[in-house]
Amino acid sequence: MPCPYQESDDGPLEGPVDLSRLTARERQVLLLLGGGPSNGELSRRLRISERTVKAHISRILIKTGQSTRLQAAMVSALHHDQLCPSPDCRWSLAAGSPPHDPGAGEVSAA
Ligand SMILES: [Zn+2]
């Protein structure tokens, strides 16, 4: 079965994504967006107003070239390693890759 994007110019993500222009706070908001929170949840978590949350998200979308917060959430998940200040974060994709455990590959292949 062909990839459903094959016949179009669209893809799951516009890329490449430039994260270098984000401020520290915007990186923090973008990291949290990966969990799919509402603006209200972000507001409580970051102790800022929903209005400020929306302003952060608007700037994040512009700076990363994304159109929706859902796309930003995907950017967040895919680029967690670049965004996260913690080098040994458990959500790091690099750290999360399965250990080279004999037999583990057979499970994922099933
Ligand atoms: Zn992290």
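Let's start with helices α3 and α4, which cover residues 50-64 and 69-78. In this predicted model, the two pack at an angle of about 70 degrees, and their axes are 10 Å apart. An angle from 65 to 115 degrees counts as roughly perpendicular, so that is the word for α3 and α4. Their crossing is left-handed.

Which residues make that contact? On the α3 side you'll find I57, I60, L61 and T64, and on the α4 side R69, A72 and V75. If you sort the residues of this contact by type, five are nonpolar, one is polar and one is charged.

Now let's step back along the chain to α2, which spans residues 39-46. At what angle do α2 and α3 pack? The angle is about 105 degrees, with the axes 8 Å apart. That value makes α2 roughly perpendicular to α3. Here N39, G40, L42 and S43 from α2 meet E50, V53 and K54 from α3. The make-up of this contact is two nonpolar, three polar and two charged residues. So please keep both lists in mind when you look at α3: I57, I60, L61 and T64 belong to its contact with α4, while E50, V53 and K54 meet α2.

A few single residues are worth pointing out as well. L46 lies in helix α2. Is L46 buried, exposed or partly exposed? It has 16 C-beta neighbours inside 10 Å, and therefore counts as partly exposed. L46 also has a partner from elsewhere in the chain to look at: R25 is 21 residues away in sequence, yet the C-alpha atoms of L46 and R25 are 9.5 Å apart in space.

Next comes R47, in the loop between α2 and α3. Its backbone may catch your eye, since R47 has a positive phi of about 55 degrees although it is not a glycine. Why does R47 count as exposed? Because it has 7 C-beta neighbours inside 10 Å, and the cut-off for exposed is 12 or fewer.

Moving into α3 itself, we find R59. With 16 C-beta neighbours inside 10 Å, R59 counts as partly exposed. How far apart are R59 and E26? Along the sequence they are separated by 33 residues, and in space by 8.0 Å from C-alpha to C-alpha.

With those details in hand, let's zoom out to the whole protein. There are seven helices and zero strands, so if you're scanning the picture for a sheet, the strand count is zero. Read along the sequence, the pattern is α-α-α-α-α-α-α. Of the 110 residues, 12% are buried. And what share of the contacts between residues at least 6 apart in sequence joins residues at least 24 apart? That share is 57%.

Finally, a word on confidence, as this is a predicted model. The mean pLDDT is 85, and 83% of the residues reach 70 or more. There is one stretch to flag: over residues 104-110 the pLDDT is below 50. Beyond near neighbours in sequence, residues 104-110 have one contact in the model.

To recap with the structure in front of you: α3 is roughly perpendicular to α4, and α2 is roughly perpendicular to α3. R47, with its positive phi, sits in the loop between α2 and α3. Thanks for listening, everyone!

Terms used: Residues numbered from 1 in each chain as written. Predicted model: local features only at pLDDT ≥ 70, side-chain atom pairs only at ≥ 80, totals over all residues. Axes fitted to C-alpha atoms, helices over the stretch in contact; angles between N-to-C directions. Helix = DSSP H or I, 4+ residues; strand = E, 2+ residues; numbered from the N terminus. Parallel < 35°, antiparallel > 145°, perpendicular 65-115°, else oblique. Left-handed = near helix turned anticlockwise from the far one by under 90°. Contact = placed C-beta atoms within 7 Å. Nonpolar A, V, L, I, M, F, W, Y, C, P; charged D, E, K, R; others polar. pLDDT = per-residue confidence, 0-100. Buried ≥ 20, exposed ≤ 12 C-beta atoms within 10 Å, placed from the backbone.
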